[in-house]
Amino acid sequence: MSNITKLFVNSTKNFSRSFSRKTVDPSFLKITPETKITTLPNGIRVATEQTYGEVASVGVWVDSGSVYETEKNNGVAHFLEHMIFKGTAKRPTPQSIETEIENMGGSLNAFTSREHSAYYMKVLKDNVPNAVDILSDILQNSKFETSLIEQERDTILSENDYIQSKEDEVVFDQLHAAAFQGSALGRTILGPVENIKSITREQIQDFINENYTGDRLVISAAGAVNHEQLVEQVKEKFSNVKISDVSKEQKRSAITNDFVGSELRVRDDEQPLVHFAVAVRALSWTDPDYFVLELIQTMIGNWNRGIAAGKNIASNLGEIVATEDLAESYSTFFTCYQDTGLFGNYGVCQPERVDDLVAEMLKEWQRIATCCNKNEVERNKQKLLATTLMQYDGTSKVCEGIGRQILTLGRRISPLETYQRINEITVADVQRVASNLLRDVSPAVTVIGPTANWPDYNMLKGWTRFRVSHTGFKYLDCNTYLPTKPRLDTLMESKKAPSEKLIPNEKPKPIKKPK
């Protein structure tokens with residue numbers, strides 16, 4: 001009997017599993033570095049978390065990515081990322097920049113996403129002023145020589161060819177194009193080939209002048225760094241950066257974010273496997289239910305054939321996929337943007353199993369929305385706590401977290417507040433959010449490979465309307481529930497002391513005196 005047939009018959013699987021509840025002691029989370037934030041007259045925000053040690057990470061985080069491009073210059077933000085290291089008047093060649101960084105034992109990296117760009121360094125504490133000088137120099141004084149632009153054009157074209165050979169990259173680019181049709185969010189980060197071949201020095205310079213303004217820059221640092229000293233260094237080195245005449249809100253208001261339920265198939269029978277993504281509109285960075293949806297992502301989980309747990313995985317969907325040999329791998333993704341997001345599953349499987357795999361994925365969505373239990377919610381809360389709190393460990397992770405949160409939330413969320421928000425999630429919260437986002441929806445779907453066995457879109461949409469329970473499957477009544485928690489850009493106040501509030505149903509154990 002196929003898994004699709006199982007959607008219409010009774011389920012006897014027991015979803016309850018026992019687990020050992022050993023939660024985090026919140027008293028330790030209060031002993032964390034203070035996040036200091038200073039806003040300079042030109043709008044640049046300097047944010048630091050100082051810790052003991054010999055190493056510091058310093059970065060410039062820019063509220064600018066491919067969403068601020070047009071169809072004509074799509075790809076210029078990524079092109080700029082490549083050209084930013086090609087030389088300035090003070091450091092005339094790429095080799096001079098690399099040599100200076102290597103001589104101080106540091107590293108320099110960068111990335112461009114749809115909404116943000118970042119340039120960050122890791123150095124010894126005595127070299128923090130040098131790092132600030134290098135970052136300010138390449139961001140304000142890059143020469144963008146025409147000859148180097150032509151050389152880098154070939155590099156980016158080769159990078160584009162490599163990305164087009166990766167099925168997962170293609171699927172997610174197509175997913176954005178299908179879900180955000182007519183929006184800048186639907187365009188790729190690298191841009192089309194014709195743009196890569198035609199981007200000019202003037203376009204690069206215009207983009208940096210328009211978007212790299214003080215009100216959209218955050219200088220973040222973590223580790224062995226003094227906040228007051230860094231503020232003075234940034235004041236000196238970034239003094240020429242101006243505030244934009246047009247606010248970020250005005251720029252962003254012109255960008256549409258309408259989600260379109262749609263399907264995009266690319267049939268290629270020469271490929272051995274089917275690669276696909278099924279997604280729904282998700283939450284923004286500031287949504288009160290952000291951590292609830294992250295918990296749902298953790299509950300659905302990820303799986304691949306190389307995983308050590310094999311069939312003994314905590315995820316219910318992972319166990320089914322492994323036991324019934326439905327896929328080569330699957331993952332659950334949650335991608336946030338300023339005012340929207342994407343949530344769904346990505347899968348890789350044999351062509352003859354693709355309909356069963358999709359059916360099980362959507363069945364799991366409905367099960368979480370209707371009959372997930374307290375045990376699995378609590379177990380996955382501990383898993384989410386572990387993975388989230390690990391992001392506060394290490395100067396690079398902390399520096400990235402500070403920059404991203406200041407750009408998206410306007411503030412830094414402390415480890416204690418993260419613990420509080422995750423620990424307070426209930427089964428009702430999970431079912432409410434899953435019901436709102438995952439049931440009775442028109443998903444965006446992209447699939448490439450041998451797609452002959454891919455289910456009809458209307459059938460796939462219908463699978464989001466069934467109620468999963470221990471007695472069978474019924475059509476859902478679609479109700480609306482509103483979040484009751486504060487937004488993430490608003491500080492969450494605790495009504496009780498952490499030791500009282502954060503470990504429910506547990507009494508403190510007496511401390512044994514040493515003999």
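**Figure 1. Helix α16 in this predicted model is mostly covered, with 11 of its 15 residues buried.** The helix spans residues 395–409 and reaches 20 Å from its first C-alpha to its last, which is close to the 21 Å expected at 1.5 Å a residue. Its buried residues include Thr395, Val398 and Cys399 towards the beginning of the list, together with Ile406, Leu407, Thr408 and Leu409. Among the elements that cover these buried residues are the strands β1, β2 (45–50), β3, β5 and β6, and the cover also includes helix α11 (248–253). Just after α16, glycine 410 takes a positive phi of about 80°.

**Figure 2. Six strands form an open sheet with mixed pairing.** The strands follow one another across the sheet in the order β1-β2-β6-β3-β5-β4, and the edge strands, β1 (35–39) and β4 (107–112), each pair on one side only. On average, and with direction ignored, neighbouring strands of this sheet are turned by 15° against each other.

**Figure 3. Strands β3 and β6 run antiparallel within the sheet.** Seven bridges join β3, which covers residues 55–62, to β6, which covers residues 217–223. One residue to look for is glycine 59, whose bridge partner in β6 is serine 220.

**Figure 4. Helix α5 lies across three strands, β3, β4 and β5.** This helix is made of residues 128–141, and it runs at about 155° to β5, the strand of residues 117–124.

**Figure 5. The largest nonpolar core of the chain has 64 residues.** The residues with the most contacts inside this core are Phe276, Leu293, Ile296, Phe343, Val430 and Trp454, while the largest share of the core, nine residues, comes from helix α14 (residues 354–371). Apart from this core lies another one, of 47 residues, which has Val62, Leu80, Ala131 and Ile149 among its members. In soluble globular proteins, nonpolar side chains tend to be buried together.

**Figure 6. Phenylalanine 343 is shown with the residues that it contacts beyond its neighbours within four places in sequence.** Its partners include Val278, Ala279, Val280 and Ala282, and also Leu293, Ile296, Gln297 and Ile300. Thr332, Phe333, Phe334 and Leu438 are in contact with phenylalanine 343 as well.

**Figure 7. The whole chain, with 20 helices and 14 strands, gives the setting for the close-up views.** Buried residues make up 55% of the 515 residues in the chain, and the accessible surface comes to about 23500 Å², of which 50% belongs to carbon and sulfur atoms. Among contacts between residues at least 6 apart in sequence, 81% join residues at least 24 apart.

How values were computed: Residues numbered from 1 in each chain as written. Predicted model: local features only at pLDDT ≥ 70, side-chain atom pairs only at ≥ 80, totals over all residues. Heavy atoms only, no water. Pairing = 2+ DSSP bridges. Helix = DSSP H or I, 4+ residues; strand = E, 2+ residues; numbered from the N terminus. Axes fitted to C-alpha atoms, helices over the stretch in contact; angles between N-to-C directions. Contact = heavy atoms within 4.5 Å. Buried < 20%, exposed > 50% of the residue type's maximum accessible area, 1.4 Å probe, protein only. Areas by Shrake-Rupley, 256 points an atom, 1.4 Å probe, with all protein chains shown as cover. Core = buried A, V, L, I, M, F, W, Y, C linked by side-chain atoms within 4.5 Å. Expected span 1.5 Å × (residues − 1).
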